[in-house]
Amino acid sequence: MKKSQDLSLYLSVQLPTLLIAHPTFKFIGLKLNQEVDKNVLHSIYLEKEDVSEEFPFRALITIAEWNGNGEEEEFFLDALTAERLIEKLQSFDEISSFVFFKIPSSITMDTIQMYPLQMFCKLFPELGAFDKYASAEQLKMLEQQSLQLLNTLADRLNKR
């Protein structure tokens, strides 16, 4: 995976064209909802699947509290066309507020099913490897670094 500053970022409106022109490309979209007492991460995994001709474009959406408390929600969407998939995603969530970036083929749909800190460590090598035995203080610092990284990506995308 590339470091965050080397990633090409995409708007949701660019995704149908990219998915059609480059059927092997996969994307992840991230958005943070900051609430008074918690941070909630919304993640979207997008790809064109070779196996299904009926509905080849698919997305997995997860919604998880940053600290792992509460239930994680998962939603699966599929569609015949890339445009229709984006329309379905838009009716599900405000996807124009997501930061989308291309991911390597080695990253699978399972990645966004991880807890947010684990997922961020897998997606962004500059954060280092996730240590499940880290102290609460170390995890809090990793959370702050991850949130700052996501805010930096969102700012970079908005300046385009």
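## Phe76 and strand 5

Phe76 has a relative accessibility of 43% and therefore counts as partly exposed, since the partly exposed class lies between the buried limit of under 20% and the exposed limit of over 50%. This value, like the others in this report, comes from a predicted model. The residue belongs to strand 5, which covers residues 73-79.

Leaving aside residues up to four places away in sequence, Phe76 touches Arg58, Ala59, Leu60 and Met109. Ile61 lies 15 residues from Phe76 in sequence, and the C-alpha atoms of the two are 6.3 Å apart in space.

## Overall architecture

The protein chain contains four helices and six strands. Read from the N terminus, these elements follow the order β-α-β-β-β-β-α-β-α-α.

The radius of gyration is 15 Å, which agrees with the value near 15 Å for a compact globule of 160 residues. The C-alpha trace spans about 50 × 35 × 30 Å along its principal axes. Of the contacts with a separation of 6 or more, 59% join residues 24 or more positions apart.

## Burial, surface and charge

Buried residues account for 44% of the 160 residues in the protein chain. The chain exposes about 8,800 Å², and carbon and sulfur atoms supply 49% of that area.

The protein chain carries 16 positive and 24 negative charges, and the mean positions of these two sets are 7 Å apart.

## Helix 3

Helix 3 is largely enclosed by the rest of the structure, because six of its eight residues are buried. The buried residues are Pro116, Leu117, Met119, Phe120, Cys121 and Leu123.

The cover over these buried residues includes strand 2, strand 3, strand 4 (residues 57-65), strand 6 and helix 4. Helix 3 in turn, at residues 116-123, is among the elements that cover the buried residues of helix 4.

## Helix 4

Helix 4 comprises 23 residues, from 136 to 158. The distance from its first C-alpha to its last is 33 Å, close to the 33 Å expected at 1.5 Å a residue.

Within this helix, Leu142, Glu143, Ser146, Leu147, Leu149, Leu150, Leu153 and Leu157 are buried. An α-helix has 3.6 residues a turn, so residues three or four places apart point the same way. Among the elements that cover the buried residues of helix 4 are strand 1 (9-10), strand 2 (26-34), strand 3 (39-48) and strand 6 (99-103).

Met141 also lies in helix 4. With a relative accessibility of 44%, Met141 counts as partly exposed. Asn151 is ten residues from Met141 in sequence, and their C-alpha atoms are 15 Å apart in space.

## Asn33 and strand 2

Asn33 is placed in strand 2. Its relative accessibility of 28% makes Asn33 partly exposed, as this figure falls between the limits of 20% and 50%.

Apart from residues up to four places away in sequence, Asn33 touches Lys38, Asn39, Val40 and His42. Leu19 is 14 residues from Asn33 along the chain, and a distance of 27 Å separates the two C-alpha atoms.

Note on methods
Residues numbered from 1 in each chain as written. Predicted model: local features only at pLDDT ≥ 70, side-chain atom pairs only at ≥ 80, totals over all residues. Heavy atoms only, no water. Helix = DSSP H or I, 4+ residues; strand = E, 2+ residues; numbered from the N terminus. Buried < 20%, exposed > 50% of the residue type's maximum accessible area, 1.4 Å probe, protein only. Contact = heavy atoms within 4.5 Å. Rg over C-alpha atoms; globule rule 2.2 N^0.38 Å. Areas by Shrake-Rupley, 256 points an atom, 1.4 Å probe, with all protein chains shown as cover. Lys, Arg positive; Asp, Glu negative; His and termini not counted. Charge placed at Lys NZ, Arg CZ, Asp CG, Glu CD. Expected span 1.5 Å × (residues − 1).
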